[in-house]
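User: Please take a close look at one part of the structure below and describe how its pieces fit with what surrounds them. Keep it plain, and give residue names and distances where they are available.

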Amino acid sequence: MTGTRAPDLAFADGTRLFPLLRDGRHLLLELDGHRGADVVPEGRPLPHGTRRHTVRPVAPGARWSEVRRVLIRPDGHVA
């Protein structure tokens with residue numbers, strides 16, 4: 001999924017993805033509801049200033065249903 005545009009996912013806490021990206025920072029989504037380590041999935045450190053959002057998605061769609069943790073760039077694409 002690297003490089004693909006993320007959809008405007010809806011989350012169980014009432015938020016949506018696109019408004020979370022408006023501050024221009026990377027966003028680490030932890031979609032299983034559990035906060036993980038301060039690294040991206042490949043084990044590298046998170047980009048400086050990365051925000052985290054630990055939540056469960058609502059009806060994520062088939063492509064996103066297996067995703068547990070993903071880093072979204074400020075432009076809305078998967079890093």
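Analyst: The chain exposes about 4,600 Å², of which carbon and sulfur atoms supply 52%. The model is a predicted one. Buried residues make up 30% of the chain's 79 residues. Among contacts with a separation of 6 or more, 60% join residues 24 or more positions apart. The secondary structure consists of one helix and five strands, and the elements run β-α-β-β-β-β from the N terminus.

The part I will go through is the sheet built around strand E2 (27-30), together with the residues that lie against it. Three strands form an open sheet in the order E3-E2-E5, with mixed pairing. The edge strands are E3 and E5, each of which pairs on one side only. On average, neighbouring strands of this sheet are turned by 20 degrees against each other, direction ignored.

In general terms, strands of a sheet pair through backbone hydrogen bonds, in either a parallel or an antiparallel sense. Both senses occur here: E2 pairs with E3 in the parallel sense over four bridges, and with E5 in the antiparallel sense, also over four bridges. On the E3 side, Leu27 stands opposite Arg51, and the bridge partner of Leu28 is Arg52. On the E5 side, Leu28 stands opposite Leu71.

The side chains of E2 are the next point. In a regular strand, side chains alternate between the two faces of the sheet. In E2, Leu27 and Leu29 point one way, Leu28 and Glu30 point the other way, and all of these residues are buried.

Now the core. Nonpolar side chains tend to be buried together in soluble globular proteins. The largest nonpolar core has 15 residues, and the members that touch the most others are Phe11, Leu17, Leu29, Trp64, Val70 and Ile72. At least two residues of this core come from each of helix H1 (17-20), strand E2 (27-30) and strand E5 (69-72). Phe11 is worth tracing further. Beyond four places in sequence, Phe11 touches Arg16, Leu17, Leu20, Leu29, Leu31, His53, Val55, Arg56, Pro57 and Val58.

One of those contacts, His53, belongs to strand E3. His53 counts as buried because its relative accessible area is 12%, below the 20% cut-off. Apart from neighbours within four places in sequence, His53 is in contact with Phe11, Asp13, Thr15, Leu20, Leu27, Leu28, Leu29 and Glu30. A polar contact of 3.3 Å also joins the side chains of His53 and Asp13.

Asp13 sits in the loop between strand E1 (10-11) and H1. At 44% relative accessibility Asp13 is partly exposed, so the polar contact at 3.3 Å has a buried residue at one end and a partly exposed one at the other. Not counting residues up to four places away in sequence, Asp13 touches His53 and Val55. The C-alpha atoms of Asp13 and Val55 are 7.1 Å apart, although 42 residues separate the two in sequence.

Ala12 lies in the loop between E1 and H1 as well. Its relative accessible area is 58%, which makes Ala12 exposed. Outside the four-place window, Ala12 is in contact with Val55, Arg56 and Val58. Val58 is 46 residues from Ala12 along the chain, with 5.7 Å between their C-alpha atoms. Val55 thus appears in the contacts of Phe11, Asp13 and Ala12.

The remaining residue to consider is Thr50, which is found in the loop between E2 and strand E3 (51-54). Thr50 counts as buried because its relative accessibility is 17%, which falls under 20%. A polar atom of the Thr50 side chain lies 2.5 Å from the backbone oxygen of Pro47. Leaving aside neighbours within four places in sequence, Thr50 is in contact with His26, Leu27, Leu28 and Leu71. Of these, Leu28 and Leu71 stand opposite each other across the E2-E5 pairing, while Leu27 faces Arg51 on the E3 side.

Definitions and conventions: Residues numbered from 1 in each chain as written. Predicted model: local features only at pLDDT ≥ 70, side-chain atom pairs only at ≥ 80, totals over all residues. Heavy atoms only, no water. Core = buried A, V, L, I, M, F, W, Y, C linked by side-chain atoms within 4.5 Å. Buried < 20%, exposed > 50% of the residue type's maximum accessible area, 1.4 Å probe, protein only. Contact = heavy atoms within 4.5 Å. Polar contact = N/O pair within 3.5 Å; in protein donor to acceptor, adjacent residues only side chain to side chain. Areas by Shrake-Rupley, 256 points an atom, 1.4 Å probe, with all protein chains shown as cover. Pairing = 2+ DSSP bridges. Axes fitted to C-alpha atoms, helices over the stretch in contact; angles between N-to-C directions.
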